[in-house]
Every structure is written in structure tokens, then in C-alpha cells.
Amino acid sequence: MTVTMKAPLEIGISVTNLERATAFYQDVLGFERISEATLSPERAEAAGFGSVAFRMVRMQTNYGERIKLLEIDPPAAQANIGSSILANTGISYLTFVVADIEQAIDRLRKAGATLLASAPVQTRAGTRLMFFRDSEGNPLELVQYDDLRAYRPDIA
């Protein structure tokens, strides 16, 4: 049994200025702005991010890869982010869009992986996610979309 991926790999990038970073990826590299989201400290902690609120902009290349630009919200809260996944700027984590998050988590548990949350968290309707660490301690994210077509109409 393997974890079945449902979409191309996504990369989360922690930034200090979301507007500037978004403009760079859009205007310089030609990425398309796909969506925006915010997450409360409570939801972020439950998912394994750490107890920090953040804003996120999803962007996509013409080939279909996606990045997520994430900024601590408010930026002044950066002094208190501690061991959050977003504590350092740069590439913060990889996202794996999976067919069955429960099956993937079960596989991780059996392999002895370090899970950063006790269960997947619904961050918005139809979207559940959870973080874990790979064998080197790198943060990775599992996401399951109930309606992949709504999230990625280009590949569903």
C-alpha cells in the first residue's frame, strides 16, 4: 500500500513581506495568483504549524506547479513564533495532496514518523491537512481536498 498523490507537489515559502513576494512571483516570474487564505493561531497549532496566525497566497506556474507564500499575521508576532514551521524565511515545507489522508497518516504512524498533530484539521470546508516530519526532521504537509476539481480544475 502506498500514499496516492492527487496533484503535483507544492512548496510552502515563509516570507517577511507577502505583498512584495507576491508581486515578484507574479510580475517577474509570471506566476498566476490562484487564491488567498488566513489561518488563526488555534487552527495553525492544531494542524502542526505552531501557534501563529498567518496569511497565505497560492500561486501557480504555467506548467501547474504551485507555491504557497506565507507571512506571519500580524508581522509583529514574528518575535513569538518559537518553533513554528514558519519561524525561518525561505522554503518551509513540501505539500503532498493525497487521495486519503487517514490512510497516509496510518502509514506514517506505522513507520514511526513524527506527527506534528494528533489528527488532520479541517482548515476550511472540504480541506483537511496535517504536518509531520521526515527522517531528517524536515516538515512535510499532507492535504486532502474533498473536491479536487474545485481546488485544481486544471488537473482534476
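Helices and strands here are DSSP runs, numbered from the N terminus. With that in hand, you can place leucine 86: look for the loop between β4 and β5 (90–97). Keep in mind that this is a predicted model. Below is a quick tour of its largest pocket, its salt bridges, a nonpolar surface patch and a few leucines.

**The largest pocket**

- Rolling a probe the size of a water molecule over the atoms shows where empty space is left.
- The largest pocket comes out at a volume of about 160 Å³.
- It's lined by 16 residues, and the ones closest to the pocket's centre are Met56, Arg58, Thr123, Arg124 and Leu129.
- Which strands help build the lining of the largest pocket? At least two residues each come from β2, β3 (54–60), β7 (121–124), β8 (127–133) and β9 (139–145).
- Sort that lining by class and you get 9 nonpolar, 3 polar and 4 charged residues.

**Salt bridges**

- Searching the whole structure turns up 8 salt bridges.
- One of them pairs arginine 33 with glutamate 36, with 2.8 Å between the closest N and O atoms. Arginine 33 has 37% relative accessibility, so it counts as partly exposed. Glutamate 36 counts as exposed because its relative accessible area is 54%, and the cut-off for exposed is over 50%.
- Another salt bridge joins the side chains of arginine 55 and glutamate 71, at 2.5 Å from N to O. This pair ties together distant parts of the chain, since arginine 55 sits in strand β3 and glutamate 71 in strand β4 (residues 66–72), 16 residues apart.
- Are arginine 55 and glutamate 71 buried or exposed? Arginine 55 is partly exposed, at 22% relative accessible area. Glutamate 71 is buried, at 4% relative accessibility.
- Glutamate 102 and arginine 128 also meet through their side chains in a salt bridge, 3.0 Å from N to O. Here, too, distant parts of the chain are linked: glutamate 102 belongs to helix α3 (residues 101–111) and arginine 128 to strand β8, 26 residues apart.
- Glutamate 102 is partly exposed at 40% relative accessibility, and arginine 128 is partly exposed with a relative accessible area of 24%.
- There's a network as well: salt bridges link Glu10, Lys68 and Glu141.

**The nonpolar patch on the surface**

- Phe24, Val28 and Leu29 make a nonpolar surface patch of about 280 Å².
- Where does leucine 29 sit? You'll find it in the loop between α1 (18–28) and β2 (32–39).
- Leucine 29 has a relative accessible area of 47%, so it counts as partly exposed.

**Two more leucines to find**

- Leucine 86, the loop residue from the start, is buried because its relative accessible area is 2%, and buried means under 20%.
- How many ångströms separate the C-alpha atoms of leucine 86 and threonine 2? They're separated by 29 Å, and the two residues are 84 apart along the chain.
- Leucine 115 is part of strand β6 (residues 114–115).
- With 22% relative accessible area, leucine 115 is partly exposed.
- Leucine 115 and methionine 130 are 15 residues apart in sequence, and their C-alpha atoms are 8.1 Å apart in space.

Notes. Residues numbered from 1 in each chain as written. Predicted model: local features only at pLDDT ≥ 70, side-chain atom pairs only at ≥ 80, totals over all residues. Heavy atoms only, no water. Patch = residues over 30% accessible without salt bridge, like charges linked within 9 Å, V, L, I, M, F, W, Y side chains within 5 Å. Areas by Shrake-Rupley, 256 points an atom, 1.4 Å probe, with all protein chains shown as cover. Salt bridge = Lys/Arg side-chain N within 4 Å of Asp/Glu carboxyl O. Helix = DSSP H or I, 4+ residues; strand = E, 2+ residues; numbered from the N terminus. Buried < 20%, exposed > 50% of the residue type's maximum accessible area, 1.4 Å probe, protein only. 1 Å grid on protein atoms, 1.4 Å probe; cavity = no way out; pocket = protein on both sides within 12 Å on 5 of 7 lines; lining within 4 Å. Points joined across faces, edges and corners; volume = space filled by probe spheres on them. Nonpolar A, V, L, I, M, F, W, Y, C, P; charged D, E, K, R; others polar.
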